[in-house]
Amino acid sequence: MTSPCPPSASGLPSTAQGFSTLQVQAGHHATTAVAAVPPIHQTAAYEFSSLAEAAGLFALRRDGIIYGRNANPTQQILEERVARLEGGASAVAVASGQAAVAVTVLALVGRGGHVVAAEQLYGGTIDLLQETLDDFGIGVTFVDQDDIAAWRDAITPRTRLLFAESVANPIAQVLDIRAVADVAHAAGVPLVIDNTVGTPHLIRPGEHGADFVVHSATKFLCGHGSSLGGVVVDQGSFDFGADPGRWPQFTAPYQRFGDMVLWQRFGRGHAFAALVKSKYVHDLGPSISPFNAWQILQGVETLDLRVSRQAQTALLLAEHLAQHPAVARVHHPGLTGNPWHALAERYLPRGVPSVFSFDLVGPEDDGAFERVASVLDALRVFRLVANIGDARSLVAHPASMTHSHLTAAQRAAAGISLHTVRVSAGLEDPADLIADLDQALLAALPAFPPRGVRKRHFAPA
Ligand code: PLP
């Protein structure tokens, strides 16, 4: 029973409707005002104007939103924005970068299929490919991403995609995207690039042949370390219709939608997003929350400013560390002499990403962890955090953190030693960051006092 409406301030009933009805419906009108900033559509579901409309949406015959697990208007703005920034045709936003990679691989590679992936990938992606997806019958072969012949040799008739990062994390190896894309396309499969570290401000993999671009939006797109999210962009370049037998998920009748053929219904650049949303996000549920989509949208609005400033700061830090007696080597492709410097000049003319690493001096022995800990624990401005792309400057120890599940051989293949420290440069004053590194290295490594370190002065940016 609906309780009667209480009197308003005037003492009169405010409406003929009951209190419970008002409680859930009063004041909500479809268009009260046009918000200048994208609003957060904090709703789980959407109202249909008629049953006919609902039925059309459920059958994928009409475009629109059914339920928050598949889409949300705030999320759709984020999807369109990231797709445009990457120069792509469409995008799907999900709950995390890990989810973006997972749904991408699931949508492109069926059971019994195979992936060729760079051995330099982020540790969580390696975990996903070599363990979880392997459990479900998707095989993987890891190759040295610089060895173009190895990519070609690893492809089998079951291979359905090649996967790498544009700029790898943590060693910052720059991928020759065009060369790997050519190998993929010669084999009739798409190239998927994780552009989390690169960001579309510094590099757009689609311009170099990548067919799908994934992001951990948690990182630079969000930019403030506040929200998890992931995005996959379909560049619209890969023609699934050219070899229909190989891509039945797009070209064969889709039973759950009345035998609709997604390639016919949605076409190039959109069929992939339709499959990901209607099957993998729908069935597995890794949806992005409207609030997180909104937070990431706020971050995207300052992406170029942040990324440029962070790239400049990172180069200053790398130059400083490269002269430090306690540092054995710095992995930053902006430095001349770095093995990926020439590729950085070719692919990253706007600047090199602000995630890089350095190795402390010391033997690869049991004392390495303590030596690294004594430096990282002494830092006061840098934060020890398992994240990158934050406004704050962050450090991590890949061997005991992000890449701790890898074998010693896998870590070595990725260029990571027990002494490797990852840096993600933030937006603080560079002089404060350099002073922090110096005091931590000086306090923690008396065996390697930084004598002769050049004093550098930095004008405020
Ligand atoms: N890709 C890269 C390059 C990453 O660094 C990470 C996380 O560190 C991921 C994907 C996974 O993203 P998320 O943490 O948002 O799930």
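Leaving aside its neighbours within four places in sequence, which residues is Ser393 in contact with? In this predicted model, the list comprises Val381, Phe382, Arg383, Ser424, Ala425, Gly426, Glu428 and Leu433. Ser393 sits in the loop between β10 and β11. Its relative accessible area is 0%, so Ser393 counts as buried. One polar contact stands out for description: the side chain of Ser393 reaches the backbone nitrogen of Gly426 at 2.7 Å. Ala344 lies 49 residues from Ser393 along the chain, and the two C-alpha atoms are separated by 22 Å.

The strands on either side of this loop belong to an open sheet. Five strands form this sheet, in the order β8-β9-β12-β11-β10, and the pairing is mixed. β8 (327-331) and β10 (383-384) stand at the edges. Each has a single partner strand, so one side of each is left without a neighbour in the sheet. Strands of a sheet pair through backbone hydrogen bonds, either parallel or antiparallel. Strand β9 (residues 355-360) and strand β12 (residues 420-424) run antiparallel and are joined by five bridges. Within this pair, Phe358 of the model stands opposite Val421 in β12. Helix α15 (residues 368-376) packs on the sheet. Helix α15 touches β9, β10, β11 (394-396) and β12. The direction of α15 makes about 125° with that of β9.

A loop also connects β8 with α14 (341-347), and Asn338 is found there. Asn338 is buried, with a relative accessible area of 11%. Leaving aside neighbours within four places in sequence, Asn338 is in contact with Val330, His331, His332 and Pro333. A polar atom of the Asn338 side chain lies 3.4 Å from the backbone oxygen of His332.

Helix α17 (residues 430-444) has 15 residues. At 1.5 Å a residue these should span 21 Å, and the end C-alpha atoms are indeed 21 Å apart. The buried residues of α17 are Pro430, Leu433, Ile434, Asp436, Leu437, Ala440, Leu441 and Ala444. Seen down the helix axis, they fall within an arc of 160°, so they line one face of α17. These buried residues pack against α13 (303-322), β8, β9 and α15. The face of α17 turned away from the buried side carries the exposed residues Leu442 and Ala443. Leu433, buried in α17, is also one of the contacts of Ser393.

Helix α3 (residues 73-85) can be described in a similar way. It has 13 residues and reaches 18 Å from its first C-alpha to its last, close to the 18 Å expected at 1.5 Å a residue. Thr74, Gln75, Leu78, Glu79, Val82 and Ala83 are its buried residues. Down the axis of α3 they fall within an arc of 165°, so they line one face of the helix. Their packing partners are β1 (90-94), β6 (212-216), β7 (230-234), α11 (271-284) and α12 (290-300). Glu80 and Arg84 are exposed on the face of α3 turned away from the buried side. Asn72 caps the N-terminal end of α3, with a side-chain oxygen 2.8 Å from the backbone nitrogen of Thr74. Just after α3, Gly87 takes a positive phi of about 70°.

β6 and β7, both packed against by α3, are linked by a loop that holds Gly229. Gly229 is buried, with a relative accessible area of 0%. Leaving aside neighbours within four places in sequence, its contacts include Val94, Ala95, Ser96 and Gly97. Among the others are His215, Ser216, Ile288 and Ile296. Gly229 and Ala271 are 42 residues apart in sequence, and their C-alpha atoms are 22 Å apart in space.

Some backbone features remain. Leu60 lies in the loop between α2 (51-58) and α3. Its phi is near 65°, a positive value in a residue other than glycine. Leu60 is buried, with a relative accessible area of 17%. Asp259 also has a positive phi, of about 65°, although it is not a glycine. This residue lies in the loop between α9 (248-251) and α10 (262-265). At 47% relative accessibility, Asp259 counts as partly exposed. A cis peptide bond joins Asn169 and Pro170, with omega about 20°. Pro170 is found in the loop between β4 (159-165) and α7 (177-186).

Technical notes:
Residues are numbered from 1 along each chain as its sequence is written. This is a predicted model: local features need pLDDT of at least 70, side-chain atom pairs count only at pLDDT 80 or more; totals for chains, interfaces and linings use all residues. Side-chain values use heavy atoms; hydrogens and water are left out. Helices (H or I, at least four residues) and strands (E, at least two) are DSSP runs, numbered from the N terminus. The expected span of a helix is 1.5 Å times one less than its number of residues. Buried means under 20% relative accessible area, exposed over 50%, partly exposed in between (1.4 Å probe, protein chains only). The arc is that of the directions from the helix axis to the C-beta atoms. Contact means heavy atoms within 4.5 Å. A polar contact is a pair of N or O atoms within 3.5 Å; within protein, one must be able to donate a hydrogen and the other to accept it, and residues adjacent in sequence count only if both atoms are side-chain atoms. Two strands pair if DSSP finds at least two bridges between them. Axes are lines fitted to C-alpha atoms, for helices over the stretch in contact, and angles run from 0 to 180 degrees between N-to-C directions.
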